[in-house]
Structures are given as structure tokens and as C-alpha cells.
Amino acid sequence: MIEEFKKYNRKILLNLKNLQTDIAKISKINNRNLNQIKLMLVTKTLSKEKIIITLNSGYKLFGENRVQESKKKWPELKKKYNNIELHLIGALQRNKVKEAVALFDVIETLDRFSLVESLSQEEKRLNKKLEYFIQINTGNERQKAGVFANESKEFIEECLKKYDLNVSGLMCIPPQSEKPEEHFEYLQNLARIFHIKKLSMGMSNDYETAIKCGSTQIRIGSKIFGARD
Ligand SMILES: *Cc1c(COP(=O)(O)O)cnc(C)c1O
């Protein structure tokens with residue numbers, strides 16, 4: 001069992017090293033400053049035990065997609081390891097807002113005014129300020145969270161103007177069946193229009209394209225931890 005675990009840890013470290021090398025290579029080819037591309041480790045479905053190797057190696061930026069699952073893992077890990085930055089990258093239901101504001105540092109899935117209002121209220125109640133990204137449903141997919149493309153400008157503008165949430169970025173997940181370029185370029189362009197600095201885009205299968213298109217944060221799961229069940 002211990003041998004097995006050591007083997008797992010070695011594998012993760014190797015994957016991370018290879019990924020870092022690749023990111024450095026891609027950013028060089030595309031004239032991107034490596035310091036401006038953050039690597040988020042997406043740890044959804046992984047047990048605490050399987051995350052620890054990355055914390056012990058100094059990684060600080062993590063993404064989870066479910067509030068309930070994160071509550072079982074991260075309060076303890078955050079207590080044990082300093083300066084963890086935990087992002088929610090999955091859809092947020094309004095009845096989970098309290099728990100989300102208490103636990104997360106950044107919520108990347110802002111996509112409707114009802115949610116904006118509850119988050120704003122909860123921030124005041126807890127006297128805690130988070131950072132927010134607006135999720136854009138660039139492919140206008142029915143089943144997917146995010147603001148539809150044709151409503152995105154109005155939504156972003158109102159969010160920035162009417163509410164006191166600290167909106168610092170945009171996020172998207174391109175449709176699986178389409179080339180990611182046009183989606184990433186669309187998001188990059190939106191960010192430019194509104195002078196929004198951060199762009200959360202790029203996953204295991206499309207981070208190269210995302211970096212090319214100006215991503216400031218790639219969200220990587222399976223490329224590091226292996227395929228999820
Ligand atoms: C799961 C997930 C990722 C990571 O996906 P991989 O393909 O495993 O790298 C990134 N972003 C979001 C929103 C996710 O839900």
C-alpha cells in the first residue's frame with residue numbers, strides 16, 4: 001500500500017514537471033511572459049490524500065467544481081497549508097452561496113443577477129471580500145452554465161457598474177466538438193473591451209491554444225492526476 005502510494009506521488013510529480021516544461025515552451029513560442037500564466041490544479045473527485053503531494057511541493061492554486069465536496073476536503077487542508085487560493089469552477093446554486101463565500105477565495109462561475117445579489121449580501125454578512133470571474137457560455141450550449149454570448153456585454157457592464165463585487169476575470173469552457181480558438185479569442189476580446197485583466201481558459205486538452213490566445217490561468221486536472229472515474 002505504501003509502495004503504491006509512493007508510486008502515485010512520483011507519477012504526479014513527474015506529470016507536473018513535464019507540464020511545467022511544456023507551459024514554458026508554449027509561452028516562449030507565443031511570446032507570453034511565463035509569470036502571467038498561472039497553473040491551477042483541478043482536484044475535483046480526488047481525495048485529500050491524493051492532493052497532499054502537490055501541497056507538499058508548494059502548489060497553492062486549486063480548483064474544485066462542487067461546494068459540498070470541497071467542504072469535506074479544503075477546510076482542513078487550508079488550515080494545514082498557508083496561502084491556499086481555492087477557486088470554485090463549477091456552477092453555483094443559490095442555496096450554496098453561504099458555504100461558498102465562507103470557503104472559496106475566488107468564484108469563477110458568476111452568470112446571473114440573482115446569484116450576484118446573494119453573493120453581495122453574503123459578503124456583507126460575513127464581512128469577507130472574494131474575487132469573481134464571470135463565466136461566458138461562448139458556445140451558447142443549453143446544458144452549460146455561463147452567460148450566453150449575446151447577453152454577455154450587458155451582463156458584464158451591469159456587474160461592473162451596479163454591484164460592489166470584485167470582478168477581475170472572465171472564464172469559459174469551449175464546446176467539446178468545436179475548435180477552441182474562436183471561443184478563446186472571443187473571451188479575450190470581451191476582456192479587452194471591459195479592461196478585465198484575468199482570463200481563465202484552457203484545460204488538459206486545449207491549454208496550448210488557450211495560452212496562445214492570452215490565457216492568464218489554465219485549469220488542469222486529468223493531465224496531472226490521470227483520468228477521472
Ligand atoms: C474538470 C474541469 C477542468 C479540468 O479538466 P481536465 O480536462 O481534467 O484538465 C477545468 N475546468 C473546469 C471548469 C472543470 O470542470
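## The two cysteines

Cysteine 213 has its closest cysteine sulfur in cysteine 172, and at 9.5 Å that is too far for a bond. Seen from the other side, the partner closest to the sulfur of cysteine 172 is cysteine 213, again at 9.5 Å. A disulfide here means a pair of cysteine sulfur atoms within 2.5 Å, and by this rule the count is 0.

Both cysteines are tucked away: cysteine 172 is buried at 1% relative accessibility, and cysteine 213 is buried too, at 5%. Buried means under 20% relative accessible area, using a 1.4 Å probe and protein chains only.

## About the model

This is a predicted model, with local features needing pLDDT of at least 70 and side-chain atom pairs pLDDT 80 or more, while totals for chains, interfaces and linings use all residues. Residues are numbered from 1 along each chain, and side-chain values use heavy atoms, without hydrogens or water.

## Around the ligand

So who sits around the ligand? The residues there include Val42, Lys44, Ile89, Met203 and Arg228, counted when a heavy atom lies within 4 Å. By class, the shell has 5 nonpolar, 3 polar and 3 charged residues.

## Polar contacts and cover

Now for the polar contacts (pairs of N or O atoms within 3.5 Å). Serine 204 puts a polar side-chain atom 2.5 Å from a ligand oxygen. The backbone helps out as well: a polar backbone atom of serine 222 is 2.7 Å from a ligand oxygen, and a backbone N or O atom of glycine 221 lies 2.8 Å from one. Taken alone the ligand exposes 390 Å², and the protein buries 91% of that (Shrake-Rupley method, 1.4 Å probe).

How values were computed:
Polar contact = N/O pair within 3.5 Å; in protein donor to acceptor, adjacent residues only side chain to side chain. Nonpolar A, V, L, I, M, F, W, Y, C, P; charged D, E, K, R; others polar. Buried < 20%, exposed > 50% of the residue type's maximum accessible area, 1.4 Å probe, protein only.
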